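Me: Please take a close look at a single part of this structure. I would like one strand described together with what lies alongside it.

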Amino acid sequence: MNETEIGILVLGSLIVLGVIAYNKWQERQHRRNVEKSFHSSERTDDVLLARREADFSISPAMSETASSWETEAMDESVPQEDTEWDAAEEPDEPDESDEPQTEISQPAWSTGATALPEDDLLSPMIDLIIELKGASPIDLAALRRDYAEAFLPFGKRLNWAVLNEAEGKWEFMLCNAPQGGGSYRRLRVGLQLVDREGVVKAELISDFIEFFPRLAEKLGVACQVPEAGLAEWLEQAEQLDVFCAGLDIVLCLNLAPEGGRNFAGTQIRALAEAENMTLEDGIYTLRDEYGTTLFCFWNTDEEHPFRADDMKYLKSSDLTFQFDVPCVPRGQHAFSQMLAVIRRFAKVMDGVLIDDQGNPLSDETLEQIRQDYVIRPQGHMLSEGLPAGSFLARRLFS
């Protein structure tokens with residue numbers, strides 16, 4: 001081998017090493033840019049917006065989650081422009097045994113459907129549950145009339161479930177007192193331990209544990225109270241709150257017009273209605289067949305919210321799309337659907353998807369967001385028995 005051949009080999013090796021080094025440098029720069037776009041700004045229209053900003057973090061447990069669900073969830077057949085929705089699976093037939101189970105089961109759930117009707121109405125995972133059981137039916141109307149004021153201090157944390165013995169199913173009733181008429185022999189009342197406002201107060205747990213046995217005595221019914229004490233319930237609530245803090249993620253993406261123009265309200269309304277989005281309190285919202293919010297958007301200029309009568313006059317300089325990660329079922333598909341809607345808006349109105357600093361968001365960055373802030377946290381929720389978008393998750397992150 002002569003000197004010329006040796007020189008060519010050395011030069012070729014240097015070029016290969018240079019390409020490898022350059023690729024590594026690009027990879028580091030890309031990762032830094034993604035992380036910077038996630039964490040650098042404190043504006044409320046940031047690419048990522050946490051409900052509780054002080055608590056927001058991507059916990060190691062979530063980052064390292066590599067469940068089989070995550071692998072299966074990445075259905076590459078889902079197109080970016082048009083998301084195909086799987087048909088909802090039929091829920092399991094109810095248990096036909098005469099006596100329902102004492103403990104409430106985990107939610108009926110299928111990752112093959114956007115959501116399913118659920119039998120898990122109150123859960124010891126997130127509720128402190130007391131059951132009232134009478135030999136004869138308890139009149140709900142009388143209970144509400146005589147004790148509604150006593151229920152008020154518990155606020156929205158107080159929820160009810162009544163047993164429909166004819167169907168062998170528990171029926172959920174939101175907040176403060178059982179609604180509607182009817183009489184039932186078995187009632188469950190739950191005090192929700194955690195929501196987006198934080199952990200339930202110790203005095204509220206004490207009042208709950210003391211009040212309902214006294215109520216049962218007045219009603220002449222049996223009362224089943226959990227054996228755990230105040231300290232144990234507070235510890236469970238604190239642990240649940242820590243779990244929620246790392247998953248309480250709300251993504252916000254901004255669509256801005258190119259060339260310094262404004263979006264016309266008439267175009268916004270036409271596009272939103274074409275996507276089957278409804279206007280609710282100044283916000284256009286897309287819901288699934290079960291009424292669960294998938295995503296929504298509003299005028300970033302909060303002084304000029306969307307109003308049906310004003311849309312023909314409205315001009316918008318920026319639209320904010322929001323995706324509430326723990327509350328959306330099948331998030332990887334719903335997020336792709338939101339991006340497809342944004343792209344259609346952008347195409348018709350000459351808009352561009354930007355971060356909080358006004359820089360366009362690349363497809364690579366959006367995919368990184370989908371992986372790190374939709375698929376991984378939702379996979380972690382599922383591995384802990386709390387699927388994103390389920391009835392329990394929506395209550396927990398309310």
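Reply: What follows describes strand β3 and its pairing partners, with a short note on helix α9. The model is predicted.

Strand β3 covers residues 158-164. Seven of its seven residues are buried, that is, under 20% relative accessible area, so the strand is largely enclosed by the rest of the structure. In a regular strand, side chains alternate between the two faces of the sheet. In β3, Leu-158, Trp-160, Val-162 and Asn-164 point one way, while Asn-159, Ala-161 and Leu-163 point the other way. Both sets are buried.

β3 has pairing partners in β4 and β5. With β5, residues 183-192, the pairing is antiparallel and runs over five bridges. Trp-160 of β3 has Val-189 in β5 as its bridge partner. With β4, residues 169-173, the pairing is again antiparallel, over five bridges. Here Ala-161 is placed opposite Phe-172 of β4.

The connection from β3 to β4 is a hairpin, with four residues between the two strands. Gly-168 lies in this turn and has a positive phi of about 65 degrees.

Another glycine with positive phi is Gly-385, near 80 degrees, and it follows helix α9. That helix spans residues 363-383, 21 residues in total, and reaches 28 Å from its first C-alpha to its last. This is close to the 30 Å expected at 1.5 Å a residue. α9 nevertheless bends by about 30 degrees at Gln-371.

Conventions:
Residues numbered from 1 in each chain as written. Predicted model: local features only at pLDDT ≥ 70, side-chain atom pairs only at ≥ 80, totals over all residues. Heavy atoms only, no water. Buried < 20%, exposed > 50% of the residue type's maximum accessible area, 1.4 Å probe, protein only. Pairing = 2+ DSSP bridges. Expected span 1.5 Å × (residues − 1). Bend = angle between axes of the 7 residues up to and from the residue.
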